[in-house]
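Reader: Got a minute to go through a structure with me? I have some quick questions on helices, a strand residue and a few loops.

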Amino acid sequence: MTPETILYIIIAAIISIIAAGFMYGYKTKYTGNLRWLFGILRFLSLFALLILLINPQLKTESYTTERPQLPILVDNSTSIKELNQKDALSLAIDKIKSNEALNEKFDISYYSFGNGFSTLDTLTNTESNSNIAAAFKSIKELYSNLKSPVVMLTDGNQTIGSDYEFSSTLLSHPIYPVILGDSTKYTDLKIEQLNTNRYAFLKNQFPVEAIIVYSGTGSVNSQFVISQGNRVVYRENLSFTNQDNTKTVSTIVPATAVGLQRYTATVKPLSDEKNTVNNNKRFGVEVIDQATNVLIVSDVLHPDLGMLKKSIATNEQRTVTYLKPEEAASVVNDYQLVILYQPIRKFSSVFQELEKLNKNSFVITGTQTDWVFLNSIQSRFSKDVVNQNEDVSASLNLNYGTFSIDDIGFSELPPLTTYFGELSIAVPHEIILDQTIDGIASDSPMLVTMEQGTSRHAIWDAEGLWKWRAQSYLNDKSFEDFDQFIAKMVQYLASNKRRSRLEVSSETFYYNNRPLKISAQYFDKNFVFDNSASVSISVVNNQTKERLVFPLLLRNNYYQVDLSNLDAGTYSYTVSVKDEEIARSGSFTILEFNVEQQFLNANISKLNRVAEKSSGVAYFPTQIDELINSLVESDAYVAVQKSEEKVVPLIDWKYLLGLIILLLSIEWFIRKFNGLI
């Protein structure tokens with residue numbers, strides 16, 4: 001409390017005494033005890049009222065001690081079990097948990113990583129992938145403002161994600177790897193990588209490329225074989241030495257039958273190999289009868305054109321062709337979808353042919369579009385424009401129901417460019433993307449789909465789409481999300497299939513170390529997406545006849561189920577809606593491939609480099625006590641004492657106000673009791 005506040009309190013007391021004395025001591029009709037009682041009550045009520053106005057405050061200071069943080073990252077992938085390190089891992093964790101000095105000095109948190117990153121609950125070592133880079137990224141976000149060491153128990157073998165050696169340099173924390181695995185070098189011959197197409201066309205050939213690596217001393221001979229069932233489709237003899245230890249085998253395989261074709265690539269194992277699992281890789285190719293042909297018609301050169309081709313052709317079922325307007329009119333009937341990029345008057349014959357053949361179309365407009373021509377050549381949409389450009393952003397319409405769409409962060413993507421003006425749609429339509437300017441929604445849509453009779457159409461009123469694909473890669477280190485969005489657009493627009501009230505989306509085959517997700521959309525009788533339906537999937541293993549039922553969970557404008565935990569095999573499924581006589585059936589195959597079984601040793605050299613670059617030290621499980629002692633004895637990690645100063649009222653105003661009311665009430669009651677009122 002400040003001296004100034006104390007002075008105010010003294011003055012308040014003097015004023016209260018003087019006022020009470022004047023009222024009940026100088027000239028008063030009361031005598032004896034009543035005079036003193038009323039005087040004291042009036043003094044207390046006046047003094048309390050003045051204290052309420054002064055509101056004296058006290059400063060309190062509290063001290064807290066914060067221990068340094070110590071995140072423990074634990075590898076929960078199956079490679080730990082394959083290298084027989086599960087017991088060593090459990091023992092190391094137990095020693096950390098039971099060390100009193102370490103737990104007293106640090107605030108320890110345990111996390112596991114594999115396919116993802118999460119708080120450590122139960123250590124199972126059953127996850128099919130290792131993503132160490134994602135673990136480092138999560139630690140950076142959780143402990144960005146703290147000086148904390150990071151202990152990581154792992155074999156250092158990463159199967160997905162960016163290079164964790166690079167990711168570790170973005171951390172400001174010293175990293176202490178505990179290396180699970182020995183340094184013994186075993187003789188090994190393995191298929192390091194196998195590259196092939198997911199799809200092939202009937203009576204065509206598809207490429208297969210295998211990278212085979214030899215670890216050992218001396219010269220060895222082996223044989224690389226590709227087989228389909230009991231039939232060998234390719235064979236090649238190979239020779240290796242410790243200097244010439246890598247071979248790349250490239251061949252082509254004929255696609256002779258429609259449907260999923262399963263193959264096995266094998267490099268014959270050596271007599272003294274410890275791990276022969278990595279000598280085989282199974283792969284599948286879906287052979288289809290024909291491709292979806294997409295035609296892009298443009299009279300300008302623009303980066304969007306290259307983006308469209310790359311994005312569409314990512315799916316090997318689709319082919320993309322570029323033509324000028326004058327070349328396109330005579331061949332549009334050969335294509336399932338025609339994309340018209342920035343139409344001008346030269347497109348007149350193309351539009352006429354599309355209308356005559358009732359073909360599907362996708363119009364993309366921008367600053368080089370002739371809107372006077374476009375408004376006159378078709379009647380589905382129009383735009384009154386002025387000769388002025390504007391930059392526009394997008395926001396996803398979550399109520400869009402024609403096909404399922406994931407939000408890839410549309411509102412955060414760079415602005416696109418278009419002509420100033422409002423786009424009007426004159427036919428039944430659904431908006432995918434709304435146009436926004438500086439975060440404020442405009443009255444004009446950006447991306448719209450339309451259906452007229454048996455034909456489907458879309459307009460995207462903006463140019464600069466290449467920026468979105470580039471930004472998507474910067475955000476996710478992959479083009480996959482953006483390409484998937486374009487793929488769904490093309491799949492919808494390239495088909496004239498009549499819409500069903502229940503649409504199911506799945507692949508023919510999956511690899512068992514990759515996500516397996518099946519999605520569905522359910523519409524009411526008016527073909528409006530129903531987000532309150534109870535949708536489930538029944539999955540039957542064709543070999544064991546085991547039947548499992550899973551619910552599909554609502555995600556924006558579709559339902560989805562994750563079946564990644566299913567074992568390898570062939571499955572039949574039925575998606576159904578509760579209380580509705582509607583269902584869709586299909587099948588898929590899960591091909592067995594355990595990437596975590598491909599390793600013989602821990603990646604010791606890489607983990608040592610990570611430790612060295614981060615100013616940490618690498619240890620083996622037998623040295624866990626040394627690691628604990630070094631952390632306990634280190635002066636770099638000490639507890640921090642923090643003080644917190646609080647300014648609080650001397651008396652809570654609610655209690656003080658209650659006291660004033662009580663004193664005045666007592667005085668009134670006494671007056672009333674003595675007949676003075």
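Author: What follows takes the helices before the single residues. Keep in mind that this is a predicted model.

Reader: OK. At what angle do helix 4 and helix 15 cross?

Author: Roughly 30°. Their axes come within 10 Å. Helix 4 covers residues 86-98 and helix 15 covers residues 624-633.

Reader: So are helix 4 and helix 15 roughly parallel or roughly perpendicular?

Author: Roughly parallel, because angles under 35 degrees count as such.

Reader: And is the crossing left-handed or right-handed?

Author: Helix 4 passes helix 15 in a right-handed crossing.

Reader: Which residues meet there?

Author: From helix 4, Ala92, Lys95 and Ile96. From helix 15, Ile624, Asp625 and Ile628. By class, that contact has 4 nonpolar and 2 charged residues, with no polar ones.

Reader: Switching to helix 14. Which residues are buried?

Author: In helix 14, residues 604-613, the buried ones are Ile604, Lys606, Leu607, Val610 and Ala611. They sit on the same side of helix 14, because they span an arc of only 165° around the axis.

Reader: What covers the buried residues of helix 14?

Author: The cover includes helix 6 (132-142) and helix 7 (164-168). It also includes strand 5 (150-154) and strand 6 (175-179).

Reader: And what does the face turned away from the buried side carry?

Author: Glu612 and Lys613, which are exposed.

Reader: What is the phi of Ser615, just after helix 14?

Author: Positive, at about 70°. Most residues other than glycine have a negative phi.

Reader: Where else should I look for a positive phi?

Author: Asn84 is one, with phi near 60°. Lys545 is another, at about 65°, and is not a glycine either.

Reader: Where do Asn84 and Lys545 lie?

Author: In loops. Asn84 is between helix 3 (78-82) and helix 4. Lys545 is between strand 29 (535-541) and strand 30 (547-551).

Reader: Is Asn84 buried or exposed? Same query for Lys545.

Author: Asn84 is exposed, with a relative accessible area of 65%. Lys545 counts as exposed too, at 60% relative accessibility.

Reader: Last one, Thr589. Which strand is that in?

Author: Strand 34, residues 583-591.

Reader: Why is Thr589 called buried?

Author: Because its relative accessible area is 6%, and buried means under 20%.

Reader: What is Thr589 in contact with, leaving aside neighbours within four places in sequence?

Author: Thr589 is in contact with Leu260, Arg262, Thr508, Phe509, Tyr510, Gly569 and Thr570.

Conventions. Residues numbered from 1 in each chain as written. Predicted model: local features only at pLDDT ≥ 70, side-chain atom pairs only at ≥ 80, totals over all residues. Heavy atoms only, no water. Axes fitted to C-alpha atoms, helices over the stretch in contact; angles between N-to-C directions. Helix = DSSP H or I, 4+ residues; strand = E, 2+ residues; numbered from the N terminus. Parallel < 35°, antiparallel > 145°, perpendicular 65-115°, else oblique. Left-handed = near helix turned anticlockwise from the far one by under 90°. Contact = heavy atoms within 4.5 Å. Nonpolar A, V, L, I, M, F, W, Y, C, P; charged D, E, K, R; others polar. Buried < 20%, exposed > 50% of the residue type's maximum accessible area, 1.4 Å probe, protein only. Arc of directions from axis to C-beta.
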